[in-house]
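Welcome, and thanks for taking a look at this structure. Have the sequence and the 3D view at hand as you read, and follow each stop along the way.

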Amino acid sequence: MDNFIKSLPPLATLRPFEAAARLESFSRAADELHLTQAAISRQIRALEEDLGVMLFERRNRSVFLTREGREFGRTVSQALESIATGLRRCVATRMKSAS
């Protein structure tokens, strides 16, 4: 396995983080992903522990991205968009080949 893959956080934590970062809400991320708010919170806490950095500041039932959280959020969003674009291209190519 390549070293860069070993250094990645658990990929299952990235979608909840991206949604929470984009929406600036664990509850709205939970609604979007059809999960509970507690599940989103656990995934993000696990990601923060894995990275060793706080991504959100939690205050009075609200969450705010830290500087590191904003930076990582942009990176994750771009990476997921790149994956989605690649998938659309693969599907389009497959559809053209099937015609």
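## A network of charges

Glu18, Arg22 and Glu32 are linked in a network of salt bridges. Please keep in mind that this is a predicted model, and that the values in this report are computed from it.

Let us take the network one pair at a time. The side chain of Arg22 meets that of Glu18 in a salt bridge, at 2.8 Å from N to O. Both residues belong to helix α2, and because they are four residues apart there, about one helical turn separates them. Arg22 also takes part in a salt bridge with Glu32, where the closest N and O atoms are 2.6 Å apart. Here the partners sit in two helices, Glu32 in α3 and Arg22 in α2, so this pair ties together parts that are ten residues apart in sequence.

Which residues form a salt bridge with 2.7 Å from N to O? That pair is Glu57 and Arg59, whose side chains meet at this distance. A search of the whole structure finds eight salt bridges, and the ones described here are among them.

How open are these charged residues to their surroundings? The table gathers their relative accessible areas.

| Residue | Relative accessible area | Class |
|---|---|---|
| Glu18 | 13% | buried |
| Arg22 | 43% | partly exposed |
| Glu32 | 37% | partly exposed |
| Glu57 | 39% | partly exposed |
| Arg59 | 42% | partly exposed |

Glu18 counts as buried because its relative accessible area of 13% is under the 20% cut-off.

## Helix α2 and its surroundings

The next stop is helix α2, where Glu18 lies. Is this helix largely enclosed or largely open? Eight of its ten residues are buried, so α2 is largely enclosed by the rest of the structure. The buried residues are Leu14, Pro16, Phe17, Glu18, Ala19, Ala20, Ala21 and Leu23. The cover over them includes α3, α4, β1, β2 (62-65) and α5.

Glu18 itself touches Val76, Ser77 and Leu80, when residues up to four places away in sequence are not counted. These three residues are also part of the contact between α2 and α5, in which Leu14, Arg15, Phe17 and Glu18 of α2 meet Gly69, Phe72, Gly73, Val76, Ser77 and Leu80 of α5. Sorted by class, this contact has five nonpolar, three polar and two charged residues.

How do the two helices lie relative to each other? The axes of α2 and α5 come within 9 Å and cross at roughly 115°, and the crossing is left-handed.

## Leaving α2

What follows α2? The helix is followed by Glu24, which has a positive phi, near 50°. Ser25 is found in the loop between α2 and α3. Ser25 is buried, with a relative accessible area of 13%. Leaving aside neighbours within four places in sequence, Ser25 is in contact with Ala20 and Val63. Ala20 is one of the buried residues of α2, and Val63 falls within the residue range given for β2 (62-65).

## Helix α4

Now move along to helix α4, which covers residues 37-51 and has 15 residues. From its first C-alpha to its last, α4 reaches 21 Å, close to the 21 Å expected at 1.5 Å a residue.

Which residues of α4 are buried? They are Ala39, Ile40, Ile44, Leu47 and Glu48. These buried residues pack against α2 (14-23), α3 (26-33), β1 (56-59) and α5 (67-98). Helix α2 thus appears again as a neighbour, and α4 is likewise listed in the cover of the buried residues of α2. After α4 comes Gly52, whose phi is positive, near 75°.

## Out at the start of the chain

For a last stop, look at Phe4, which lies in helix α1 (residues 3-6). Is Phe4 buried or exposed? Phe4 is exposed, with a relative accessible area of 53%. Phe4 and Leu35 are 31 residues apart in sequence, and their C-alpha atoms are 29 Å apart in space.

Conventions
Residues are numbered from 1 along each chain as its sequence is written. This is a predicted model: local features need pLDDT of at least 70, side-chain atom pairs count only at pLDDT 80 or more; totals for chains, interfaces and linings use all residues. Side-chain values use heavy atoms; hydrogens and water are left out. The expected span of a helix is 1.5 Å times one less than its number of residues. Buried means under 20% relative accessible area, exposed over 50%, partly exposed in between (1.4 Å probe, protein chains only). Contact means heavy atoms within 4.5 Å. A salt bridge is a side-chain nitrogen of Lys or Arg within 4 Å of a carboxyl oxygen of Asp or Glu. Axes are lines fitted to C-alpha atoms, for helices over the stretch in contact, and angles run from 0 to 180 degrees between N-to-C directions. A crossing is left-handed if the near helix is turned anticlockwise from the far one by less than a right angle, and right-handed if clockwise. Ala, Val, Leu, Ile, Met, Phe, Trp, Tyr, Cys and Pro count as nonpolar, Asp, Glu, Lys and Arg as charged, and the others, Gly among them, as polar.
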